[in-house]
Amino acid sequence: MKKRTIIYFLILVFVVNTSLVSGKADVENEPFFTLILKTSGWGVKPDYGLFIANDLREIGINVEVKVQEWWYIYPIYPPYIGDWDLFIFNYYFSPFERALMALYSEEGLVNFSGLGNDLPYGMESEDLLVRINEEADFEARRNITYEWQQLLMEKIYPVIPLFSQRIYTGVWANTLGYDEEWGMINSLPYMNYEGYHEGQTNLDELNVADANWKDLNPIFSDDFSSSYICELLTEPIIQFSPDYYPMKTGLVEDWDIINNTHYKFYVRDNIFWTPSFNITGRTASSPELDVASTPLMVGLNGDLSNGVNQQLSAKDFVFTILAHSSMISEGKMNYDWVKNIYVDSSNELVFHIEVDANSTTEAIEPYAHVLSELAISCLPEFFLNSTDPSTYFTESGIPYSGLFPEIVESPQWQTFSYSAFGTGKFMLDYFVKNLVTVLQRNPHWFGVGAKDGQTGLVPFVDTVNIRVIPDISAELAEFLAGELDFTGLSMFPSTRKEMQSDPRFIVNTKISNIIELCSINLRRPYLGGEDNFIWANQTSDESYTKALAVRKAISYAIDRNAMNILEHIPLHHPFPDTYYSMQYENITRYDYNLEKAWEWMNKAGYTWETHTTLDLDFELIAVTVLCLIPVFSNRMKRRRK
């Protein structure tokens with residue numbers, strides 16, 4: 001009986017004990033500190049800021065969100081010390097190696113976080129980045145990239161990866177063959193219309209929309225609208241697949257790696273420059289483009305193209321690379337790895353590039369990204385080069401002539417910026433500023449499909465009309481009215497979902513190179529500053545500083561899934577998921593976990609005092625007692641008997 005009585009007593013004690021609540025202090029805790037989060041007012045970024053502010057409140061951090069014009073909030077180099085702690089921004093991550101250096105190298109142009117060799121693990125990170133850019137073997141380079149990204153995300157953590165942007169586009173259901181991964185321009189030879197869609201009146205046209213372009217000379221095209229038209233007019237020196245594998249379907253059809261600093265390239269034969277039409281003054285009522293009646297521009301050397309007299313050759317490629325390396329190019333530093341470039345002495349369709357990744361040292365160092373740096377448009381040497389004998393030098397010391405500093409002011413270069421021509425699928429017909437740019441199919445295009453190398457292909461339409469509609473809502477309205485054949489849907493999730501269930505439309509999607517990041521200012525208090533050099537307490541080793549512990553805590557506290565308004569891909573690596581082959585599978589991830597967030601806050605020395613509050617659940621206790629009374633009563637009756 002004594003044993004049973006003890007058991008009943010313990011049951012009652014357990015019920016009372018479980019009704020006690022362990023809680024925070026009666027007085028609300030004050031935030032440990034306040035952070036300034038800045039972002040632009042474009043899109044959903046202010047919403048992201050409010051989500052982050054709300055999440056960090058749960059771990060005792062107050063966040064003040066400031067929305068400003070984009071040009072004002074970008075940090076200025078040097079130094080990366082501004083009046084902000086967190087900074088949300090988009091970054092177009094391409095090409096891979098250059099983007100890595102721009103974001104995460106001490107001298108990077110968009111090193112907003114203030115990474116440097118003076119910070120813990122800074123030198124190790126910088127050394128690995130250099131090795132990534134020097135290693136020519138793909139597998140070895142990938143392994144170094146694995147090591148670097150794990151070091152960055154585990155021991156430095158300068159940015160909070162938010163999302164890899166997902167792109168959504170829509171076409172009418174009669175538009176077949178479009179491949180979102182390859183994009184519109186590379187899909188054109190594989191596409192066709194099957195009947196008419198609503199509002200469509202001409203099956204020989206493709207109608208799309210964009211903003212105004214700025215400059216159609218590929219060397220100066222630094223906006224998406226200009227680049228889009230340049231890609232219609234030209235072809236890349238080396239074509240790349242959507243997963244960034246070099247293809248032999250571009251203007252260069254093959255290459256040899258003589259050694260790790262010497263490359264030999266073979267130009268595709270029988271490719272001709274399109275006619276050098278001067279479209280100045282042309283309108284919708286102008287006669288069709290014709291070499292017999294449409295004026296042809298004459299180059300600096302006195303040459304012109306009629307579509308069949310100027311064959312693409314190795315000298316065009318040498319000229320293109322020298323132009324990008326010369327003083328006329330704002331991006332000349334991107335080609336300082338070119339030690340020498342020349343046409344083969346025995347074959348005018350072959351050229352050589354010798355490389356040196358660091359021209360400031362005596363040793364000749366390999367450069368791993370030669371092929372990816374050649375994913376650019378080729379320039380017509382016969383038209384843009386001059387006979388000026390003056391000698392100049394590239395950043396790496398290559399002597400060259402013809403490209404004198406004032407050449408960009410010449411009539412040929414000025415006219416080429418709006419009347420460009422190339423070797424691509426289309427030719428410029430006319431444009432009306434703020435209204436439309438019209439292109440006609442190039443009858444001289446060499447007909448090789450980028451996707452699979454098929455030959456004899458032609459674009460499926462005669463005409464491409466690019467209407468100027470900078471407002472994306474207006475563009476969508478024009479598409480739904482049948483006036484456009486293609487539109488972007490990324491910013492319209494509700495409409496996109498409706499279209500996905502509407503048989504009149506086909507919705508396509510892919511992961512883009514644009515990533516959304518939240519940069520952490522490593523030079524500010526709490527997240528960096530002096531706390532970068534104070535080891536966190538309660539850790540098993542001196543691998544984590546107080547500042548790093550706070551940076552880890554805020555990442556664990558942010559609920560990316562709740563933030564994901566536009567249904568992008570939550571990002572766990574320091575670069576987009578398009579480069580999945582380079583992503584380390586076992587990288588340290590910071591999925592939403594408030595318990596882990598508090599663990600790291602505690603390691604950094606930030607704790608909220610808690611105590612046990614007596615909060616008895618009297619209803620539960622009463623029910624338990626009523627259940628036990630009959631048991632005790634029966635026991636007493638048996639004892640009397």
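For the lining classes used on this tour, Ala, Val, Leu, Ile, Met, Phe, Trp, Tyr, Cys and Pro count as nonpolar, Asp, Glu, Lys and Arg as charged, and the others, Gly among them, as polar. The structure in the viewer is a predicted model.

**Stop 1: the second largest pocket**

Select Arg282, Glu288, Leu289, Asp429 and Gln440, which lie nearest the centre of the second largest pocket. The lining as a whole comprises 19 residues, and the space inside amounts to about 260 Å³. Coloured by class, this lining shows 10 nonpolar, five polar and four charged residues.

Next, select β17 (426-432) and β18 (436-441), each of which supplies at least two residues of this lining. The largest share comes from β17, with three residues.

**Stop 2: the largest cavity**

Turn now to the enclosed spaces. How many cavities of 30 Å³ or more does a search of the whole structure find? The search returns seven. The largest cavity has a volume of about 80 Å³.

To display its lining, select Leu119, Pro120 and Tyr121, then Lys155 and Ile156, and finally Leu522, Asn532, Thr545, Leu548 and Arg551. By class, the lining of the largest cavity divides into six nonpolar, two polar and two charged residues. Showing the secondary structure places this lining in context: helices α6 (138-156) and α14 (546-557) each contribute at least two of its residues.

**Stop 3: the second largest cavity**

The second largest cavity holds about 60 Å³ of space. Select Leu233, then Pro275, Phe277 and Ile279, followed by Ser419, Ala420, Phe421, Met427 and Leu428, to display its lining. Which classes appear here, and in what numbers? Eight of the lining residues are nonpolar and one is polar, while no charged residue takes part.

Two of these lining residues, Met427 and Leu428, fall within β17 (426-432), the strand already selected for the second largest pocket.

**Stop 4: a β-α-β unit**

Finally, select strand β2 (residues 33-40) and strand β3 (residues 61-68). In which sense do these strands pair, parallel or antiparallel? The pairing of β2 and β3 is parallel and extends over eight bridges. To inspect one bridge, label isoleucine 36 and its partner in β3, glutamate 64.

Add helix α2 (residues 45-57) to the selection: β2, α2 and β3 together make a β-α-β unit, and this unit is right-handed.

How values were computed. Residues are numbered from 1 along each chain as its sequence is written. This is a predicted model: local features need pLDDT of at least 70, side-chain atom pairs count only at pLDDT 80 or more; totals for chains, interfaces and linings use all residues. Side-chain values use heavy atoms; hydrogens and water are left out. On a 1 Å grid over the protein atoms alone, a cavity is a set of points where a 1.4 Å probe fits but cannot get out, and a pocket is an open set with protein on both sides within 12 Å along at least five of seven lines; lining residues have an atom within 4 Å of a point. Grid points are joined across faces, edges and corners, and a volume is the space filled by probe spheres set on the points. Helices (H or I, at least four residues) and strands (E, at least two) are DSSP runs, numbered from the N terminus. Two strands pair if DSSP finds at least two bridges between them. A crossover is right-handed if, with the strands pointing away from the viewer, the path from the first strand over the helix to the second runs clockwise.
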